[in-house]
Amino acid sequence: MRFVLVDKVLGLEPGLRIETQFTFPHTAEIFLDHFPGFPVVPGVLLTECLAQAGARCLFAEDESRGWPMLINLKKVKFHAWVKPEQTITMRVAIGVSRSQYATASGECLVNDTVMVSAEWIYSFVEMSQLSSEFLDRIRADARS
């Protein structure tokens, strides 16, 4: 399974907010075990969707800090199950944005219904630690 959990960037105000979408295909291997006969997207992957969306927002603001990496989840609440093939919209707002860390909050929605809400904190990893292929893909995806 691909682990870049953003199919499309719908809106972006660098360093302030971002709206993205992602759809987990019904063929994803995770649904074989989570759960047989009742496939749902794991909550940890939904929180990762939010974190990746927010990371793109912060990266668009200031690439020199490095790539934002999730270090703390707070106030996570799962409101409903997300099923395969449902398009998830992530709406993320950046709170504090400093050189060493940033905070964010956001929601995963399906058809305007909140499925997950959370707050979290990022730290930054130096760009030299990341593959250029990853960064090229992120930059290309952000332009689409």
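Helices, at least four residues long, and strands, at least two, are DSSP runs numbered from the N terminus. The exercises below use this definition on a predicted model.

**Exercise 1. Describe the fold order and the overall size of the protein.**

Step 1. Count the elements. The protein has 2 helices and 6 strands.

Step 2. Put them in order. Starting at the N terminus, they run β-β-α-β-β-β-β-α.

Step 3. Compare the radius of gyration with the globule rule. The radius is 15 Å, close to the 15 Å that the rule gives for 144 residues, so the protein is as compact as a globular protein of that length.

Step 4. Look at the box. Along the principal axes, the C-alpha atoms fill roughly 45 × 30 × 25 Å.

**Exercise 2. Describe the inside, the surface and the charges of the protein.**

Step 1. Start inside. Of the 144 residues, 38% are buried.

Step 2. Move to contacts. Take those between residues at least 6 apart in sequence: 64% of them join residues at least 24 apart.

Step 3. Turn to the surface. About 7,800 Å² is exposed, and carbon and sulfur atoms supply 52% of it.

Step 4. Place the charges. There are 14 positive and 17 negative charges, and their mean positions are 5 Å apart.

**Exercise 3. How many disulfides does the whole structure hold, and where do Cys 57 and Cys 108 stand?**

Step 1. Search the structure. The result is 0 disulfides.

Step 2. Check Cys 57. Its nearest cysteine sulfur belongs to Cys 108 and is 15 Å away. Cys 57 is buried, because its relative accessibility is 0% and buried means under 20%.

Step 3. Check Cys 108. The closest cysteine sulfur to its own is in Cys 49, at 5.7 Å. A disulfide needs the two sulfur atoms within 2.5 Å. So the Cys 49 sulfur is too far for a bond.

Step 4. Add accessibility. Cys 108 also has a relative accessible area of 0%, so Cys 108 is buried.

**Exercise 4. Find the backbone features in two loops.**

Step 1. Go to the loop between strand S2 (17-23) and helix H1 (43-61), where Phe 35 lies. The peptide bond from His 34 to Phe 35 is cis, with omega near 0°.

Step 2. Go to the loop between strand S5 (101-110) and strand S6 (113-125), where Asn 111 is found. Phi of Asn 111 is near 50°, a positive value in a residue other than glycine.

Step 3. Stay in the loop between S5 and S6 for Asp 112. Phi of Asp 112 is near 65°, again positive in a residue other than glycine.

Step 4. Decide whether these two residues are buried or exposed. Exposed means over 50% relative accessible area. Asn 111 has 69%, so Asn 111 is exposed. Asp 112 has 63%, so Asp 112 counts as exposed.

**Exercise 5. Map the surroundings of Leu 70.**

Step 1. Locate the residue. Leu 70 sits in strand S3, residues 67-78.

Step 2. Classify its accessibility. The value is 31%, so Leu 70 is partly exposed. That class lies between the 20% and 50% cut-offs.

Step 3. Which residues does Leu 70 touch, not counting those up to four places away in sequence? The partners are Glu 48, Ala 51, Trp 120, Ile 121 and Tyr 122.

Step 4. Compare sequence and space. Leu 70 and Ala 55 are 15 residues apart in sequence, and their C-alpha atoms are 8.4 Å apart in space.

Note on methods
Residues numbered from 1 in each chain as written. Predicted model: local features only at pLDDT ≥ 70, side-chain atom pairs only at ≥ 80, totals over all residues. Heavy atoms only, no water. Rg over C-alpha atoms; globule rule 2.2 N^0.38 Å. Buried < 20%, exposed > 50% of the residue type's maximum accessible area, 1.4 Å probe, protein only. Contact = heavy atoms within 4.5 Å. Areas by Shrake-Rupley, 256 points an atom, 1.4 Å probe, with all protein chains shown as cover. Lys, Arg positive; Asp, Glu negative; His and termini not counted. Charge placed at Lys NZ, Arg CZ, Asp CG, Glu CD.
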